[in-house]
Amino acid sequence: MSSRFSWARMAAIFVKEFQQMLRDRLTFAMAVGVPIMQLILFGYAINTDPKGLPTAIVSSDSGQMARSFVVALQNTGYFRIDYSGQSERDADTLLETGKVQFVVVIPPQFSQQLIRGEKPALLISVDATDPSASGNAIAALTIVANQALQHDLNGPLQHLQTAAPAYEVRVHRRYNPEGLSRYNIVPGLIGTILTMTMVMLTSLAMTRERERGTMENLLATPVRPAEVMVGKILPYVVIGYIQLAVIISAAFLLFQVPMVGSFTLLMSMIGIFILANLAVGFTFSTIAKNQLQAMQMTFFFFLPSMLLSGFMFPFRAMPEWAQTIGEGLPLTHFLRIVRGILLKGNTADQLLPELWPMLVFLLAAGVLALKRYRQTLD
């Protein structure tokens, strides 16, 4: 055989390799689909400056000054008035459950006190569990305080237009007073790490049986599909709780993340989340023909979960279509649950709106996995 480089032989190998690549349709689809998905998500869905944040107004003053302040809030674009007329207790409940990002409390006789030069105070409570979601809106409050009443403080009230605002805006950062990012990131890591590892490990379960040639022995047994599924998932549930013990210990000992809610409730919610991800992994293992394909499908599921769940970027900053996709991912609801328990002390009743989507996802993934399971090698 000639030792010289042959372009003809190289071309033959090139054609052969390209044909094999086209035969592996899943790998080829991943090679094309992942860059497209990244371009769409990073180009259109990701936004670090959320606008239109849901806000509740608790106003005990119907005067002109109070109305002007509310209008100035809306004009910034950061505040969207979704609730008004509630009591302070109802508004606090909305803040605890994550339905609003801000609660603005306007005290009684705000306008009268302002006219008398008594410098009244407005209280603005912020859900600061995710500091990046509210940072720019809080900064905009300074502009609002300085400019909201410019058109009202005229004529006999001209003397109130001083260098300092005629009233005080007190911002109360709830659940994370110091604005520490680790209070948001570390609880979120519980969900992202479990998503990546649980889906990946389980997706390799059935494909490993095929590649090692032990699938025939498994099919020769009287084991039913549901028994195979549960038997292969349960060991990874144990691994998931071992990972959880490491993460929780680090969160409390190294990062001093508070534990306001029930530890038992947290463990039960994490168990449901682990099962949901394991069901996804088992579904992937019934579709993939080898471990490489299983890993590719895991990445294809993990990438949107990480980007659209609110872990890396504020959830409310994304467009509606991206939020709709994010609402279908279990990680999105789990992040709200774990942050709600750790930082807010949410109860089971308050977490029910986030629990049932995870249960629906678990049921759908489990049914699909059982349907996909084959008791033959074909």
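Me: Is Gln 109 buried, partly exposed or exposed?
Reply: Read the relative accessibility. Buried means under 20%, and exposed means over 50%. Gln 109 is at 46%, so this residue counts as partly exposed. Keep in mind that the model is predicted.

Me: Where does Gln 109 lie?
Reply: Look at the elements on either side. Gln 109 sits in the loop that links strand E3 (102-106) to helix H5 (110-115).

Me: What does the backbone of Gln 109 show?
Reply: Check the sign of phi. Gln 109 is not a glycine, yet its phi is positive, about 55 degrees.

Me: Which value does phi take at Gln 256?
Reply: Phi is near 55 degrees there, again positive in a residue other than glycine. Gln 256 also lies in a loop, the one between helix H9 (225-253) and helix H10 (263-287). Its relative accessibility is 42%, so Gln 256 counts as partly exposed.

Me: What does Gln 256 touch?
Reply: Set aside residues up to four places away in sequence. Gln 256 then touches Arg 182, Tyr 183 and Ala 251.

Me: How many Å separate Gln 256 and Met 229 in space?
Reply: Compare the sequence gap with the gap in space. The two residues are 27 apart in sequence, and their C-alpha atoms are 38 Å apart.

Me: Now the strands. How many residues of strand E1 are buried?
Reply: Count along the strand. E1 covers residues 53-59, and 6 of its 7 residues are buried. Thr 55 is found in E1. This threonine has a relative accessible area of 0%, so Thr 55 is buried.

Me: Which strands does E1 join?
Reply: Follow the bridges. E1 has 5 bridges to strand E2 (residues 79-84), and the two run parallel. The chain gets from E1 to E2 through helix H3 (residues 64-75), in a right-handed β-α-β crossover. Another 5 bridges join E1 to E3, also parallel.

Me: Which residues pair with Ile 57?
Reply: Look to each neighbouring strand. In E2, Ile 57 stands opposite Ser 84. In E3, its bridge partner is Val 104.

Me: What stands opposite Thr 55 in E2?
Reply: That residue is Ile 81. Contacts add to the picture. Beyond four places in sequence, Thr 55 touches Phe 79, Arg 80, Ile 81, Asp 82, Tyr 83, Val 100, Phe 102 and Val 104.

Me: Where do side chains point along a strand?
Reply: In a regular strand they alternate between the two faces of the sheet.

Me: Next, helix H14. What span should its 25 residues have?
Reply: Use the rise of 1.5 Å a residue. For H14 (residues 348-372), that gives 36 Å. The end C-alpha atoms are 34 Å apart, which agrees.

Me: Where does H14 bend?
Reply: Look for a change in axis direction, then for a proline. H14 bends by about 45 degrees at Glu 354, and Pro 357 follows within four residues.

Me: Which residues of H14 are buried?
Reply: Scan the helix by accessibility. Leu 351, Glu 354, Leu 355, Pro 357, Met 358, Phe 361, Ala 365, Gly 366 and Ala 369 are buried. The bend residue, Glu 354, is in that list.

Me: What touches H14 from helix H10?
Reply: Take one contact residue as an example. Thr 283 is found in H10. Its relative accessibility is 5%, so Thr 283 counts as buried. Thr 283 touches Ala 365, Leu 368 and Ala 369. Among these, Ala 365 and Ala 369 are buried residues of H14.

Me: How many helices and strands does the chain have?
Reply: The chain has 14 helices and 5 strands. Of its 378 residues, 46% count as buried.

Me: What radius of gyration does the chain have?
Reply: Set the value against a compact globule. For 378 residues, such a globule would be near 21 Å, but this chain has 27 Å. The box around its C-alpha atoms is roughly 100 × 55 × 35 Å along the principal axes.

Me: What do the contacts say about sequence distance?
Reply: Start from contacts between residues at least 6 apart in sequence. Of these, 81% join residues at least 24 apart.

Definitions and conventions:
Residues numbered from 1 in each chain as written. Predicted model: local features only at pLDDT ≥ 70, side-chain atom pairs only at ≥ 80, totals over all residues. Heavy atoms only, no water. Buried < 20%, exposed > 50% of the residue type's maximum accessible area, 1.4 Å probe, protein only. Expected span 1.5 Å × (residues − 1). Bend = angle between axes of the 7 residues up to and from the residue. Pairing = 2+ DSSP bridges. Right-handed = clockwise from strand over helix to strand, strands pointing away. Rg over C-alpha atoms; globule rule 2.2 N^0.38 Å. Contact = heavy atoms within 4.5 Å.
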